[in-house]
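Got a minute to poke at a model? Here are a few questions about how the labels follow from the coordinates.

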Amino acid sequence: MSDVTIADIIVGNGQRQRIDLPVARLPTQTQMTLPIEVVNGRREGPRLWLSAALHGDELNGVEIIQRVLDKLNPRTLRGELVAIPIVNIFGFINQQRYLPDGRDLNRCFPGSASGSLASRLAHLFMTQIVAHCSHGIDLHTGGAHRTNLPQVRCDLDDPEARRMAEAFAAPIMIHGESPAGSLRSAVAKRGKPILVYEAGESHRFNSDAINVGVKGVLRVMGDLGMIKQPDGGRRRQSMEASNRTWIRARRSGILRLQVKLGRSVTEGQPLGVIRDAFGDDKYTLTSPGSGLVIGLTNCPLVHEGDGIIHLALDVTTHRV
Ligand SMILES: [Zn+2]
């Protein structure tokens with residue numbers, strides 16, 4: 001197994017080390033750095049990165065990475081884990097989703113060395129982390145007052161990504177392309193397998209989302225042969241969806257939901273009611289098809305066009 005070099009810092013075989021990768025200066029001249037921990041195993045193997053808080057207000061992934069790091073020992077690890085728990089350092093310290101210039105980092109990949117701040121950070125991540133690694137898992141939560149059911153999203157037609165998704169064994173795996181400019185889309189274009197894990201809500205620790213995430217990451221590492229299988233490789237049940245859709249508010253008002261996260265729904269089923277403040281002018285939201293509720297708004301105030309319920313469609317269940 002060889003040494004690891006990131007930002008000219010060498011992490012020896014069988015060692016773990018923190019690296020502060022310089023990103024940019026604040027207007028105060030304070031140097032902002034990307035905190036990274038490298039765990040370099042004694043034996044040769046896959047090089048997996050774990051990233052979180054690309055959206056600076058999404059905290060569950062930060063906790064997931066910390067708990068995974070607690071369980072690793074470089075003397076027994078095969079391959080290498082590169083942990084970047086806070087990618088959007090600027091948003092994180094401001095408790096905001098975006099960069100100080102209002103850009104969404106997860107729409108700026110692969111970025112460029114001379115672009116906007118978000119574009120430069122994306123470029124740094126691609127050249128220092130993605131280029132170095134063989135596999136990736138990017139951890140997210142729902143944004144904008146929404147909660148996500150624990151789920152993995154990836155290209156299930158890519159055999160290595162499917163292998164990781166099945167090993168993760170989240171309650172549901174969702175197949176599909178990722179938006180242009182996202183880390184997932186930039187990594188997929190480089191032919192590397194990547195999973196996105198979405199669970200819980202921003203600004204919070206959700207214990208279920210964190211527990212499912214920690215176990216899932218460890219099962220992927222076990223399946224890749226980096227660590228011993230955490231639960232003896234026991235098979236589990238997971239759902240798979242090939243499609244998803246947002247049910248949006250047809251009118252503005254005050255929302256009362258009639259469905260919970262993780263519930264199956266059928267076509268035409270009432271899912272919630274939007275009314276005015278006096279309870280009049282009722283509008284009932286109904287399901288456009290059979291599916292599973294994978295995301296919900298937490299906010300009773302809705303504007304017309306707001307995404308209220310995220311529904312996985314064409315859902316099947318199988319053992320993974
Ligand atoms: Zn996110």
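Q: What makes strand 5 and strand 6 a pair, and in which sense do they run?
A: Strands here are DSSP runs of E, at least two residues, and helices are runs of H or I, at least four residues, both numbered from the N terminus. Two strands pair if DSSP finds at least two bridges between them. Strand 5 (residues 43-52) and strand 6 have six bridges, in the parallel sense, so they meet that definition. One of the partnerships is Arg-43 with Arg-78 of strand 6.

Q: Which hand does the crossover from strand 5 to strand 6 have?
A: Right-handed: the chain goes through helix 1 (residues 60-70) in this β-α-β crossover. The label means that, with the strands pointing away from the viewer, the path from the first strand over the helix to the second runs clockwise.

Q: What kind of model is this?
A: A predicted one, where local features need pLDDT of at least 70, side-chain atom pairs count only at pLDDT 80 or more, and totals for chains, interfaces and linings use all residues. Residues are numbered from 1 along each chain as its sequence is written.

Q: What makes strand 4 a partner of strand 6?
A: Strand 4 (residues 31-40) shares four bridges with strand 6, in the antiparallel sense. Glu-37 has Ala-83 as its bridge partner in strand 6.

Q: How do you know whether helix 6 has the expected span?
A: The expected span is 1.5 Å times one less than the number of residues. For the 17 residues of helix 6 (residues 207-223) that should be 24 Å, and the end C-alpha atoms are 24 Å apart, so the two agree.
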